[in-house]
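Hello,

Here is the structure for you to look over. My notes follow below it.

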Amino acid sequence: MSDLTRRHVLASGAGATALGLAGQLAFLPAANAKDLRKKGHYSYKIGDIEVISIYDGIWKKDHADNFAVGKKIPEMKSALRDAGQTDEFVPIEFAFTVVKSGGKTILIDAGTGGQLAPTAGLGAKGGLAAAGIDPKKVDMVLVSHMHPDHIFGMMEKGTNAQIFPNAEILVGETEYDFWTDPAIIEKLPERRKPLAQRIQATFPKWKNVTHFSGDTEVAPGIRAVDSFGHSPGHTSYHISSGDDEMMLIGDAIIVPALFLANLDWQLVFDADKDQATATRKGIVDRAISDGMTISGYHFGFPNAGKIRKDGNSHVFEPASA
Ligand SMILES: [Zn+2]
């Protein structure tokens, strides 16, 4: 947890925002986001490390009371409008990341694999290829957590055959142990049982799965950072090269208009809601104090940018190459 909460003091007198961007991520007018979604990917650099974001689509989730715990639909609709978004549905967008570092091609999560919402799965349906990524040449897959929208892209529909057969797959130990415990299936709510069954039918049998625990360098320039709460062992990945850094926060924050703008709102899907809230606040604190770029799996597209304080609230300002 220390990595999340510590404050870096930038030695340079330059503004943290300008430094963090290092001229490599330029803010993009919101109007351009549509074109990027259509293109399906964009790339930028963190120091010497090339990062490619792959758009996987959207789940236009119907509104429901209590999606933010204790909140009614009108309150959530109002928060979406305040962020300049449509209030017709809750936009759960998906985007996963490819990092090229130390001569390796590294995926961070793998998309929905076209096995969830019909409007998602674009990564598997040509998005990866359009970005020049051959699944057989992926060296490593780093998993933030084992929810379907992050790992189904690693498995063929029907057969569960591996999509990235030559990759080393890394999963944090706490997350892995939770989902692969045979006793967990009975304890899970009905809607989560099929997920645990599918995980137990695949990961333990695959020979290319390894684990790590705690804050660890998992690949050149990439550190795993515990950010538990959304799931029992949720992991963020911190990328650094030279003076530049970025944190891929996975699902520590999902819809920014709801859960970044209102840091005390809790997501009904979070496994440990108080822990998830503390994690969220730690990330926001660090992102602001360090001027660190962050990237959220469900932030829409582009999904990398900065967090800015806005009165008592916070907003996400997307950036693009
Ligand atoms: Zn997710």
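Is Asn160 buried, exposed or partly exposed, going by its C-beta neighbours inside 10 Å? The count is 14, so Asn160 is partly exposed; the exposed class stops at 12 and the buried class starts at 20. Please keep in mind that this is a predicted model.

Asn160 sits in the loop that links helix 6 (148–151) to strand 7 (168–172). Its phi is positive, near 65°, although Asn160 is not a glycine.

Asn66 is another non-glycine residue with a positive phi, here near 75°. You will find Asn66 in the loop between strand 3 and helix 4 (73–82). It has 11 other C-beta atoms within 10 Å, so Asn66 counts as exposed.

Next, the hairpin. Strand 2 (residues 41–46) and strand 3 (residues 49–61) run antiparallel, joined by 6 bridges. Ser43 faces Ile52 of strand 3 across the pair. The hairpin leaves 2 residues between the strands, and Gly47 has a positive phi near 60° there.

Now helix 11. This helix covers residues 273–290, which makes 18 residues. At 1.5 Å a residue, the expected span is 26 Å, and the end C-alpha atoms are indeed 26 Å apart, so the two values agree. Its buried residues are Ala276, Thr279, Arg280, Ile283, Arg286 and Ala287. They take up an arc of only 135° around the axis, so they lie on the same side of helix 11. Two arginines, Arg280 and Arg286, are on that buried list. Gly291 follows the helix, with a positive phi near 65°.

There is a cis peptide bond to check as well. It runs from Phe301 to Pro302, with omega near 0°. Pro302 belongs to the loop between strand 13 (293–296) and strand 14 (304–310).

Last, the core. In soluble globular proteins, nonpolar side chains tend to be buried together. The largest nonpolar core in this model has 82 residues. Which members touch the most others? They are Ile106, Leu107 and Val141. Take Ile106, leaving out neighbours within four places in sequence. Its contacts are then Val98, Val99, Ser101, Asp139, Met140, Leu142, Ala219 and Ile222.

Best wishes

Terms used
Residues are numbered from 1 along each chain as its sequence is written. This is a predicted model: local features need pLDDT of at least 70, side-chain atom pairs count only at pLDDT 80 or more; totals for chains, interfaces and linings use all residues. Helices (H or I, at least four residues) and strands (E, at least two) are DSSP runs, numbered from the N terminus. The expected span of a helix is 1.5 Å times one less than its number of residues. The arc is that of the directions from the helix axis to the C-beta atoms. Two strands pair if DSSP finds at least two bridges between them. A nonpolar core is a set of buried Ala, Val, Leu, Ile, Met, Phe, Trp, Tyr and Cys residues joined through C-beta atoms within 7 Å. Two residues are in contact if their C-beta atoms, placed from the backbone, lie within 7 Å.
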